[in-house]
Amino acid sequence: MNIEETALPGIGVRRELRLATGRRVGVVTHRDGHTELILSRVDDPDACAASIPLSAEEAAALGTLLGSAQLIAQLSAEQEDVSGVSTHQIMIRKGSAYAGRTLGDTQMRTRTGASIVALLRDGDVIGSPRPDEILLTGDMVVIVGTDDGLAEAALILQSRL
């Protein structure tokens, strides 16, 4: 997939991709830092059908949603032939006993047999996070393990203070 980047003099930069339907979807990053999600019209891919302003937090959350779906799909596809192993994602919510603590503090692998393989944070993927990585509220934790191990992992990460 090609992402087209277009300078918009006096405005900022537009980055977009053409979908299989012929429509274009993209992001305009303005010089002042604000962001818009844009979608072209069906009948005219050069005309804008929708422009949705996003705060920095909203843009990061949308990036996480899109990135996590792709990462989970890739991990799931790679594990199709491995019987008994699944992938799950768990969000670190406000009030979690592990928000602000290190990944190592969870003792996840020792306690459950499941492995944390990635963190999705503010639109970025932290692959193979180290035990000293601090878990933050809003992080999406990607875990691989057995169904029982994943259920135990969810209980651990969702436990409250």
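# A chat about strands, charges and confidence

Trainee: Where in the protein chain is confidence lowest, and where is it highest?

Mentor: This is a predicted model, and in the protein chain the lowest confidence falls in helix 1, residues 56–78, with a mean of 66, while the highest is found in helix 2, residues 108–112, at 93.

Trainee: And what does the protein chain average in pLDDT?

Mentor: The average pLDDT is 83, and 88% of the residues score at least 70. As a general caution, predicted coordinates should not be read in detail where pLDDT is low, and helix 1, with its mean of 66, has the lowest confidence in the chain.

Trainee: OK, on to the sheet. What is the strand order in the open sheet of five strands?

Mentor: The order is 1-2-3-4-5, and the pairing is antiparallel. Strand 1 and strand 5, the latter spanning 48–54, stand at the edges with a single partner strand each, so one side of each has no neighbour in the sheet. On average, neighbouring strands of this sheet are turned by 20 degrees against each other, if direction is ignored.

Trainee: How many bridges join strand 1 to strand 2?

Mentor: Five bridges join them, with strand 1 covering residues 4–8 and strand 2 covering residues 12–18, and the two run antiparallel. Within this pairing, L8 stands opposite G12 of strand 2. The two strands form a hairpin that leaves three residues between them, and G10 in the turn has a positive phi of about 80 degrees.

Trainee: What about the other edge, how many bridges join strand 4 to strand 5?

Mentor: There the number is six, between strand 4, residues 35–40, and strand 5, again running antiparallel. One of the residue pairs to look at is L37, whose bridge partner in strand 5 is I52.

Trainee: Switching to charges, how many salt bridges does the structure hold?

Mentor: The structure holds nine salt bridges. Among them is the one between the side chains of R24 and E4, at 3.3 Å from N to O. This pair links distant parts of the chain, with R24 in strand 3, residues 24–30, and E4 in strand 1, 20 residues apart.

Trainee: Is R24 buried or exposed?

Mentor: R24 counts as buried because its relative accessibility is 13%, which is under the 20% cut-off. E4, by contrast, is partly exposed, with a relative accessible area of 36%.

Trainee: Which residue forms a salt bridge with D43?

Mentor: The partner of D43 is R41, and their closest N and O atoms are 2.9 Å apart. D43 is exposed, with a relative accessible area of 60%, whereas R41 counts as partly exposed at 34% relative accessibility.

Trainee: And which residue forms a salt bridge with E133?

Mentor: E133 pairs with R121, where the closest N and O atoms are 3.0 Å apart. Here too distant parts of the chain are linked, since E133 lies in the loop between strand 8 and strand 9 and R121 lies in strand 7, residues 115–121, with 12 residues separating the pair. E133 is partly exposed, with a relative accessible area of 22%, while R121 counts as buried at 14% relative accessibility. Elsewhere, salt bridges with shared partners join E4, R14, E16 and R24 into one network.

Trainee: Back to R121, what joins its side chain to that of D139?

Mentor: A polar contact of 2.7 Å joins the two side chains. D139 is found in the loop between strand 8, 124–127, and strand 9, 140–145, and D139 counts as buried, at 1% relative accessibility. Leaving aside neighbours within four places in sequence, the residues in contact with D139 are I90, M91, I92, L119, L120, R121 and I134.

Trainee: Last topic, backbone oddities: what is the phi of Q107?

Mentor: Most residues other than glycine have a negative phi. Q107 is not a glycine, yet its phi is positive, at about 50 degrees. Q107 is found in the loop between strand 6, 86–91, and helix 2, and Q107 counts as partly exposed at 48% relative accessibility.

Trainee: And what is the phi of S128?

Mentor: S128 is likewise not a glycine and has a positive phi, of about 45 degrees. S128 is found in the loop between strand 8 and strand 9, and at 59% relative accessibility S128 counts as exposed.

Key: Residues are numbered from 1 along each chain as its sequence is written. Side-chain values use heavy atoms; hydrogens and water are left out. Two strands pair if DSSP finds at least two bridges between them. Helices (H or I, at least four residues) and strands (E, at least two) are DSSP runs, numbered from the N terminus. Axes are lines fitted to C-alpha atoms, for helices over the stretch in contact, and angles run from 0 to 180 degrees between N-to-C directions. Buried means under 20% relative accessible area, exposed over 50%, partly exposed in between (1.4 Å probe, protein chains only). A polar contact is a pair of N or O atoms within 3.5 Å; within protein, one must be able to donate a hydrogen and the other to accept it, and residues adjacent in sequence count only if both atoms are side-chain atoms. Contact means heavy atoms within 4.5 Å. A salt bridge is a side-chain nitrogen of Lys or Arg within 4 Å of a carboxyl oxygen of Asp or Glu. pLDDT is the predictor's confidence in each residue, from 0 to 100.
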